[in-house]
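Trainee: I have a model open and some terms to pin down. Can we go through them one by one?

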Amino acid sequence: MSPARLARLGRWLLAGLALVALLAPLLASDRPLLLAGEAGLTFPALGEVAGIGWLLERPAWQRRDWTREQAGERWRLRAPIPYSYRQVDLEARLEPPSRRHLLGTDALGRDLAARILHGAAISLQVGIVATAIALAVGVLLGALAGWAGGAVDFAVCRTVEIVLCFPTFFLILAVLAFRPPSLPLLFAIIGLTRWPSLARYTRGEVLRLREGAFVEAARAAGSGPWRILWRHVLPHAVTPALVAATFQLAGAMLVEAGLSFLGFGVPEPLPSWGALLSQAQGTARWWLVLFPGLALSLAVAAAQLTGEGLRDRLDPRLARL
Amino acid sequence: MAAYALRRLLTALSTLLGITVITFAVLHLAPGDPAPGQAVDPLMSDPEVVQALRDRYGLDRPLPAQYAGWVGRVLRLDFGRSLVDHRPVRARILERLPRTLGLNLLALGLILGVAVPLGAAAAARRDGPLDRASAPVLYLLYSLPSFWVALLLQGSLAVGLGLFPLAGLTSDGAAGWSLPARAWDTLWHAALPAFCLAYGSLAFFARFSRANLLEALAADFVRAARARGLREGRLLWRHALAAAAIPFLTLAGLMLPTLVSGSVIIERIFAWPGLGSLLFESLFTRDYPTIMGLTVLSSLLVLAGTLGADLLYLVADPRLRRPAGGESA
């Protein structure tokens with residue numbers, strides 16, 4: 001396949017992944033999507049979707065009394081995968097893939113397909129937020145270093161070298177040993193160890209652009225130095241960092257998976273892909289190892305391919321790497 | 001030449017300083033006092049004991065003074081005693097160091113030994129069968145998470161087919177074997193972990209060396225050499241490879257942190273009793289002195305590796321050996 005087609009495939013995969021992550025509470029839920037009962041139509045599964053609580057202010061929609069025993073049910077629309085990620089079923093432990101459980105069940109009888117779908121949300125969330133933090137810090141420091149020069153430049157460059165020299169995984173684990181695990185901590189700590197290369201790219205671009213004629217023109221027109229940096233230089237200078245950030249997305253997802261695999265990542269019962277693989281280790285059941293790993297590889301490959309496509313398009317000079 | 005080496009050495013020293021500052025900061029993230037045993041030991045409810053410990057560890061002194069004292073101990077490689085078995089952290093680390101170092105060197109050898117020839121062969125016949133076939137495979141390898149591949153290989157090759165040992169450093173009863181037999185046994189145990197550590201970087205490095213060699217092969221000096229009638233093989237292996245050596249060294253230096261980081265997971269999966277496993281055990285027992293010692297020491301190792309790569313530039317690039325004023329890389 002040609003690089004351009006591969007990149008398109010990567011973009012579609014990534015978009016699909018994001019969609020799955022957003023819709024996971026509707027794709028895999030033990031609650032019906034639609035329930036027609038005495039109180040009229042209700043949407044029990046919607047209650048699990050994050051960020052739309054305001055939609056649920058109508059009391060009828062909030063109703064959670066959706067079990068079979070409830071009187072007056074006329075019909076219901078089930079989710080495609082009618083299990084939630086934390087629904088334990090000890091009667092169905094370690095079942096291989098079947099019609100009932102498409103990808104099988106884990107040691108507690110939880111549906112693997114549901115857990116992988118919800119894992120997409122966790123993985124992507126950590127990847128995106130951590131990369132956004134890294135991008136913000138990296139672009140800011142890199143631009144500052146390139147623009148201000150002198151002592152600021154020296155300080156930023158030394159810091160970049162120091163952080164690049166750390167086996168960051170050791171550092172992250174050391175911090176996690178001292179602090180209880182939580183999603184915000186993961187965002188921050190993964191993000192704060194991944195900015196140096198982004199700062200390097202931005203600094204290089206700012207250095208290259210600061211002598212440009214358009215900068216001189218802006219100065220002649222009376223713009224102050226910070227306005228020139230923000231309005232004229234930075235929009236051109238972020239391109240390499242943006243491209244690199246797409247690769248960082250893949251890296252951040254891998255780090256999160258690795259941390260969760262070691263048991264220092266996303267706290268239970270949130271189903272991170274790394275945690276799923278870790279739980280699979282003791283059971284020696286092929287489906288528990290194969291499917292979460294496939295999902296993770298696919299997500300990483302999607303981000304990589306998207307990054308390569310972006311780079312080829314925006315920055316052909318880097319294309320040889 | 002001396003000026004270049006000195007400059008790199010000074011940079012490394014300032015990096016070392018930064019590493020200790022960051023590690024010290026992480027140390028002080030610990031909730032409350034890092035005085036050992038505070039959570040479990042009933043003695044700690046006695047304020048006199050607490051005060052004695054604070055004096056012992058200098059916790060009442062201002063932070064800069066504490067930092068200076070800590071750095072002084074670190075420079076003597078004195079990381080205190082483990083909270084688990086009260087042995088010096090240095091001894092615990094040193095007994096495991098050769099195993100991790102050996103595993104990483106094996107991985108590095110695998111990476112360079114396979115990736116450079118593969119990249120060179122692909123570059124020599126651009127768009128040839130090997131080039132076309134290897135590109136997607138390398139791409140795929142690069143995207144597969146190492147701990148997943150480790151689990152798959154362990155499940156198939158070790159458990160299923162019995163080709164490799166499941167985990168550990170040596171076979172049962174290996175202590176009584178002859179030296180070559182023991183060495184082979186350990187190597188056999190190291191094969192799967194080393195491969196899992198290496199393959200991702202290997203794929204990246206192969207693509208990288210192909211790209212760099214293609215660029216070198218297109219350079220004027222190669223065309224001139226070709227015009228002089230040099231054979232293609234000698235062109236590639238002698239001239240183009242020498243020109244591409246600097247980026248190779250840089251990348252190999254940059255790969256070290258990744259390798260060391262990766263060994264935490266891989267060593268745990270294959271129960272390889274190295275530094276990664278030690279870190280993992282220490283994290284679970286909250287053995288702060290060992291954790292801090294490992295963090296500093298692993299970054300020291302990486303720093304040494306990077307410095308080594310920097311100094312190898314001198315071998316690779318004759319321009320650097322000229323007195324000051326020469327073009328610097």
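Trainee: What do the buried residues of helix 6 of chain B pack against?

Mentor: They pack against helix 10 (239-262), helix 11 (273-281) and helix 12 (286-314) of chain A, together with helix 7 and helix 10 of chain B. Helices are DSSP runs, H or I, of at least four residues; strands are E runs of at least two; both are numbered from the N terminus. This is a predicted model, in which local features need pLDDT of at least 70, side-chain atom pairs count only at pLDDT 80 or more, and totals for chains, interfaces and linings use all residues. Residues are numbered from 1 along each chain as its sequence is written, with chains lettered from A and ligands numbered from 1 in the order in which they are written.

Trainee: What is the mean pLDDT of chain A?

Mentor: Chain A averages 82, and 88% of the residues score at least 70. pLDDT is the predictor's confidence in each residue, from 0 to 100. Among the elements of chain A, helix 3 has the highest mean, 91, and helix 2 (residues 59-62) the lowest, 48.

Trainee: How do you know that the span of helix 6 of chain B agrees with its 15 residues?

Mentor: The expected span is 1.5 Å times one less than the number of residues. That gives 21 Å for helix 6 of chain B; its end C-alpha atoms are 19 Å apart, which agrees.

Trainee: Where does helix 6 of chain B bend?

Mentor: At B:Gln154, by about 30 degrees. The bend is the angle between axes fitted to the seven residues ending there and the seven starting there.

Trainee: Why is helix 11 of chain A called largely enclosed?

Mentor: A buried residue has 20 or more other C-beta atoms within 10 Å of its own; exposed means 12 or fewer, partly exposed in between, with C-beta atoms placed from the backbone. In helix 11 of chain A, 8 of the 9 residues are buried, so the rest of the structure largely encloses it. Among them are A:Trp273 and A:Gln279. Its buried residues pack against helix 3, helix 10 and helix 12 of chain A and helix 6 of chain B.

Trainee: What makes residues of chain B count as touching chain A?

Mentor: Contact means that two C-beta atoms, placed from the backbone, lie within 7 Å. By that rule, 37 residues of chain B are in contact with 35 residues of chain A. Helix 12 of chain B gives the most to its side, 8 residues.
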